[in-house]
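Let's take a walk through this structure together. Keep the sequence and the 3D view side by side as you read.

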Amino acid sequence: MIRPLAPADVPALARGLAALPLMVRYGRTPEKLEAALSAALGRGEGLLVAEEDGALAGLAWFLPAGTLAMGGYLKLIAVLGAGQGRGTGAALLEAFEAAVARESAHAFLLVSDFNDGAQRFYERHGYRRVGALPGLVLPDVGEVLYWRRLR
Ligand SMILES: CC(C)(COP(=O)(O)OP(=O)(O)OC[C@H]1O[C@@H](n2cnc3c(N)ncnc32)[C@H](O)[C@@H]1OP(=O)(O)O)[C@@H](O)C(=O)NCCC(=O)NCCS
């Protein structure tokens, strides 16, 4: 089930996300993630979670419009460790696209240059690799820009 993030979800979600190798690489500790998610809730950003058997399984965090003055932006999609590879990411990506399509014709996202699995995932879902932003976040990592026309 995909549903909006609730304030009560934030501490456990932050702990689950912080355990992912990607979050460790970017220095996103449970404390930083909890503060960032709470602030994003306060700003009314797009925050959808996947719930499976009553437990949180993943997150899609996005801005529905405004990117390059044309589209939505997926800030973070992540499926908590044990649940990866079972279609939860696909369900979250589709929910993000449906929310964005109500306001924008385009979806954008950035993915780390080393994250081959996620790049395959996006390409399979119709995203095109359109550029790279070297050292944007971490000095030794390029952020690859992906784009999908939604309508
Ligand atoms: C990328 C991610 C969101 C995909 O969600 P998912 O539920 O695992 O994906 P699905 O089951 O819908 O699809 C499986 C595909 O996802 C990709 N994938 C990426 N990382 C994966 C992982 N650890 N396990 C399984 N599949 C993964 C692969 O392309 C896989 O297809 P394959 O069988 O050809 O390798 C998820 O694996 C994840 O959270 N990874 C860690 C965080 C991350 O990299 N987020 C993206 C940041 S830009």
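Before we start, one cut-off will help: a residue is called buried when its relative accessible area is under 20%, exposed when it is over 50%, and partly exposed in between. Please also keep in mind that this is a predicted model.

A good place to try the cut-off is P139, which sits in the loop between β6 (128-134) and β7. Is P139 buried or exposed? Its relative accessibility is 77%, so P139 counts as exposed. If you want to place P139 against another part of the chain, take G46: the two are 93 residues apart in sequence, and their C-alpha atoms are 28 Å apart in space.

Now turn to H106, a residue of strand β5. H106 has a relative accessibility of 8% and therefore counts as buried. Which side chain does the side chain of H106 meet in a polar contact? The partner is W147, at 2.9 Å. W147 also appears among the residues in contact with H106 once neighbours within four places in sequence are set aside; the others are M70, G71, G72, V100, R148, R149 and L150.

One of those contacts, V100, leads us to helix α4, where V100 is among the buried residues. The helix runs over residues 88-101, and its 14 residues reach 20 Å from the first C-alpha to the last, close to the 20 Å expected at 1.5 Å a residue. How much of α4 is covered? Most of the helix is, with 10 of its 14 residues buried. Besides V100, these buried residues are T88, G89, A90, L92, L93, A95, F96, E97 and A99.

From α4 we can step into the largest nonpolar core, a set of 23 residues in which L74, L93, F96, Y122 and Y127 touch the most other members. Two or more residues of this core come from each of β2 (46-52), β3 (55-67), β4 (71-79), α4, β5 (106-112), α5 (116-124) and β7 (142-149). Which element gives the largest share? That is α4, with six residues. To see the packing from one side chain outwards, pick F96: leaving out residues up to four places away in sequence, F96 touches L48, F62, Y73, L74, A107, F108 and Y127. There is also a second, separate core of 19 residues, including L5, M23, V49 and L59.

Next, have a look at the ligand. Among the 20 residues around it, V79, Q84, G87, G89 and R124 come nearest. Backbone atoms take part here too: a polar backbone atom of I77 is 2.9 Å from a nitrogen atom of the ligand, while a polar backbone atom of A90 is 3.1 Å from an oxygen atom of the ligand. G117 likewise places a backbone N or O atom 3.1 Å from a ligand oxygen atom. Taken alone, the ligand exposes 840 Å², and the protein buries 75% of that.

Let's finish with the backbone in two loops. Most residues other than glycine have a negative phi. D53 is not a glycine, yet has a positive phi of about 50°. D53 is in the loop between β2 and β3, and its relative accessibility of 86% is why D53 counts as exposed. L68, also not a glycine, has a positive phi of about 50°. L68 lies in the loop between β3 and β4, and at 61% relative accessibility L68 counts as exposed.

Methods. Residues numbered from 1 in each chain as written. Predicted model: local features only at pLDDT ≥ 70, side-chain atom pairs only at ≥ 80, totals over all residues. Heavy atoms only, no water. Helix = DSSP H or I, 4+ residues; strand = E, 2+ residues; numbered from the N terminus. Expected span 1.5 Å × (residues − 1). Buried < 20%, exposed > 50% of the residue type's maximum accessible area, 1.4 Å probe, protein only. Core = buried A, V, L, I, M, F, W, Y, C linked by side-chain atoms within 4.5 Å. Contact = heavy atoms within 4.5 Å. Near = heavy atom within 4 Å. Polar contact = N/O pair within 3.5 Å; in protein donor to acceptor, adjacent residues only side chain to side chain. Areas by Shrake-Rupley, 256 points an atom, 1.4 Å probe, with all protein chains shown as cover.
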